[in-house]
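Student: I would like to take a close look at a single part of this structure. Please choose one element and explain, step by step, how it is placed among its neighbours.

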Amino acid sequence: MSPRRSTKHRSTGARYSKRRLVSMVAGLATAAGFAVLLPMSSDAAAACAAPYAASQVYTGGMSASYNGHNWSAKWWTQGETPSTGGTGVWADQGACGGGGGTTTPPGGGGSCDHPAWVQGRQYTTGDIVKYTNGNYYVATHDNPGYDPTISTWFWSPYTCTGGGSTSTPKPGGFVVSEAQFNQMFPSRNPFYTYAGLTAALSAYPGFATTGSDTVKKQEAAAFLANVSHETGGLVHIVEQNTANYPHYCDSSQPYGCPAGQAAYYGRGPIQLSWNFNYKAAGDALGIDLLHNPNLVQNDPAVAWKTGLWYWNTQNGPGTMTPHNAMVNGRGFGETIRSINGSLECNGGNPAQVQSRVNSYQSFTSILGVPAGSNLTC
């Protein structure tokens, strides 16, 4: 794991990267404000909600039925079967019987004759739109035209058939197979699951799907190489230097540090830290990370999504996002600059740079693609 936590870019680069972040929402509703299933009557079980679908994205307050029970999602999830175990994302709402309503659930079933999404237009819960990528999305909460591929609390993927058009098929899986992932991280912590990573990909559909097959694999290798360096090979979930924990609260922010002075330490695959980064990532992902930072260390999909948030949206101390660096041919070295360039690039710490490069070259070899040029910074 990189030893740079006490002075990492979140205290400098992230301060100005956060200024570049356009807030997607003014605030998040609390879980208490979400719609929930009506309680069962005294003489009959509640009607069953729409059946659980492993491919569907569920956000806080959404419901599904499974094994004769209704379940309510506490936060974002995909591919986690409803149960009282696991990460605890599902709340058991009790036994159910019979069919639910006739409303088509988020995730599919209806006609494909839906209007194109328009940025800035007001949408209400249940509205279905065709996005610019050809895929369909259903509004899970009212919103003023937020981007469906970014604001996943407000939108969920929608599958439809028939009608005036057809939905464009989604890409056929991640460019890194589970076997290759396991080869890259033979000693990884069980927390960092392949399923959690692939579930998180829906938040940023351009990641590892842009450009030629070689570029797609190079971007995946670059992301995972930096992740490997940040976490000691996907071993560490949280920052190891606990003495740093109280340092990541910027009390000058108007929202403060509601989870506690020492609650915003590094977590996840790119070690998200500082209260303003938890706020920014949570706003973009539709998850209240400012009040619930522990979600990053308790839910694998949330952890991976924070890493992808940084990779796809933040310049850090560089001049572009790591995603743009890879798809625009700037090379792996530019991703290092965007992640920790203020401490490692321009001769700052060549050993750390070389460690990242070594991982990248190893991972591109596993994926069968060249590493390309501009490997260092």
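Tutor: What follows is a close look at helix H9, in a predicted model, and then at the elements around and beyond this helix.

Helix H9 covers residues 332-344, and one of its residues is Ser 338. The relative accessible area of Ser 338 is 0%, and Ser 338 is therefore buried, since the limit for that word is under 20%. The surroundings of Ser 338 can be listed. Leaving aside residues up to four places away in sequence, Ser 338 touches Tyr 310, Asn 315, Gly 316, Pro 317, Gly 318, Met 320, Thr 321 and Pro 322. With Met 320 there is also a polar pair: a polar atom of the Ser 338 side chain lies 2.6 Å from the backbone oxygen of Met 320.

The loop between helix H8 (322-327) and H9 contains Gly 329. In contrast to Ser 338, which is buried, Gly 329 has a relative accessible area of 55% and is therefore exposed. The C-alpha atoms of Gly 329 and Asn 374 are 9.0 Å apart, although 45 residues separate the two in sequence.

The next step is the packing of H9 against another helix. H4, residues 213-231, packs with H9 at an angle of about 25 degrees, and their axes are 9 Å apart. H4 is therefore roughly parallel to H9, because angles under 35 degrees count as such. Their crossing is right-handed. On the H4 side, the contact is made by Ala 222, Ala 225, Asn 226, His 229 and Glu 230, and on the H9 side by Phe 332, Thr 335, Ile 336, Ile 339 and Glu 344.

H4 has a further partner, helix H10 (residues 350-367): the two axes come within 8 Å and cross at roughly 135 degrees. H4 and H10 are therefore oblique to each other, and this crossing is right-handed. Among the H4 residues that meet H10 are Lys 217, Ala 221, Leu 224 and Ser 228, while the H10 residues include Arg 356, Tyr 360 and Phe 363. Ala 222 of H4 takes part in the contact with H9 and also in the contact with H10.

Another helix pair completes the helical picture. The axes of helix H5 (residues 275-285) and helix H7 (residues 300-313) cross at roughly 100 degrees and come within 10 Å. That makes H5 roughly perpendicular to H7. Asn 277, Ala 280, Ala 281, Ala 284 and Leu 285 of H5 meet Lys 305, Thr 306 and Trp 309 of H7.

For context, the strands may be considered as well. Strands of a sheet pair through backbone hydrogen bonds, in a parallel or antiparallel sense. One open sheet has 3 strands in the order E1-E2-E3, with antiparallel pairing. Its edge strands, E1 (63-66) and E3 (90-95), each pair on one side only. Neighbouring strands there are turned by 30 degrees against each other on average, direction ignored. Strand E2 (residues 69-73) is joined to E3 by 5 bridges, and His 69 stands opposite Ala 95 in E3.

An open antiparallel sheet of 3 strands is also formed in the order E4-E5-E6. E4 (128-130) and E6 (155-158) stand at its edges with a single partner strand each, so one side of each has no neighbour in the sheet. The twist averages 35 degrees from one strand to the next. E4 pairs with strand E5 (residues 136-139) over 3 bridges, and Val 138 in E5 is the bridge partner of Ile 128.

Terms used: Residues numbered from 1 in each chain as written. Predicted model: local features only at pLDDT ≥ 70, side-chain atom pairs only at ≥ 80, totals over all residues. Heavy atoms only, no water. Helix = DSSP H or I, 4+ residues; strand = E, 2+ residues; numbered from the N terminus. Buried < 20%, exposed > 50% of the residue type's maximum accessible area, 1.4 Å probe, protein only. Polar contact = N/O pair within 3.5 Å; in protein donor to acceptor, adjacent residues only side chain to side chain. Contact = heavy atoms within 4.5 Å. Pairing = 2+ DSSP bridges. Axes fitted to C-alpha atoms, helices over the stretch in contact; angles between N-to-C directions. Parallel < 35°, antiparallel > 145°, perpendicular 65-115°, else oblique. Left-handed = near helix turned anticlockwise from the far one by under 90°.
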